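Notebook open, coffee ready. I'm going to look up a few things in this model and jot down what turns up.

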Amino acid sequence: MPVYPGFLTPPTLTVLAYFLMSLTPWVIVLIVLIWFIRKMNNIDRTLKGIVDSLSMMKKEEEVQGKERE
C-alpha cells in the first residue's frame, strides 16, 4: 500500500485527478486553437509577401511600358 504525505489523502488525490481530467480536453483545445491561429498568421504573412512582390513587378512593368512609348 502506498504511503502518502499528510495532505495527499486518497480522497484528495481522487478530487485532483478528476479536476485534472476535466481540464485536459480544454487544454488540448486551447493548444490546437493557438497552433491554428499561428499557422493562419504565417500563411497570411506569406500571401502578403507574394501580393507585394507581384504588385511591385506590375508597377515595374508599367514604368518600363511608359519608357518605351
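Entry 1, the fold. I counted one helix and zero strands in the chain. Note to self: this is a predicted model.

Entry 2, the surface. What share of the chain's residues is buried? I got 0% of the 69 residues. I also looked up the exposed area, which comes to about 6,800 Å². Carbon and sulfur atoms supply 71% of that area.

Entry 3, the salt bridge. How many salt bridges are there? The count is one. The partners are lysine 48 and aspartate 44, and their closest N and O atoms sit 3.6 Å apart. That makes the cut, because the pair has to be within 4 Å. I then checked where they are: both lie in helix H1, which covers residues 10-68. They are four residues apart, about one turn of the helix.

Entry 4, aspartate 44 again. Is aspartate 44 buried, exposed or partly exposed? Its relative accessible area is 37%, so I wrote down partly exposed.

Entry 5, threonine 24. I found threonine 24 in helix H1 too. Its side chain reaches the backbone oxygen of leucine 20 at 2.7 Å. With a relative accessible area of 39%, threonine 24 goes down as partly exposed.

How values were computed
Residues are numbered from 1 along each chain as its sequence is written. This is a predicted model: local features need pLDDT of at least 70, side-chain atom pairs count only at pLDDT 80 or more; totals for chains, interfaces and linings use all residues. Side-chain values use heavy atoms; hydrogens and water are left out. Helices (H or I, at least four residues) and strands (E, at least two) are DSSP runs, numbered from the N terminus. Buried means under 20% relative accessible area, exposed over 50%, partly exposed in between (1.4 Å probe, protein chains only). Accessible areas come from the Shrake-Rupley method with a 1.4 Å probe; for residues, only the protein chains shown count as cover. A salt bridge is a side-chain nitrogen of Lys or Arg within 4 Å of a carboxyl oxygen of Asp or Glu. A polar contact is a pair of N or O atoms within 3.5 Å; within protein, one must be able to donate a hydrogen and the other to accept it, and residues adjacent in sequence count only if both atoms are side-chain atoms.
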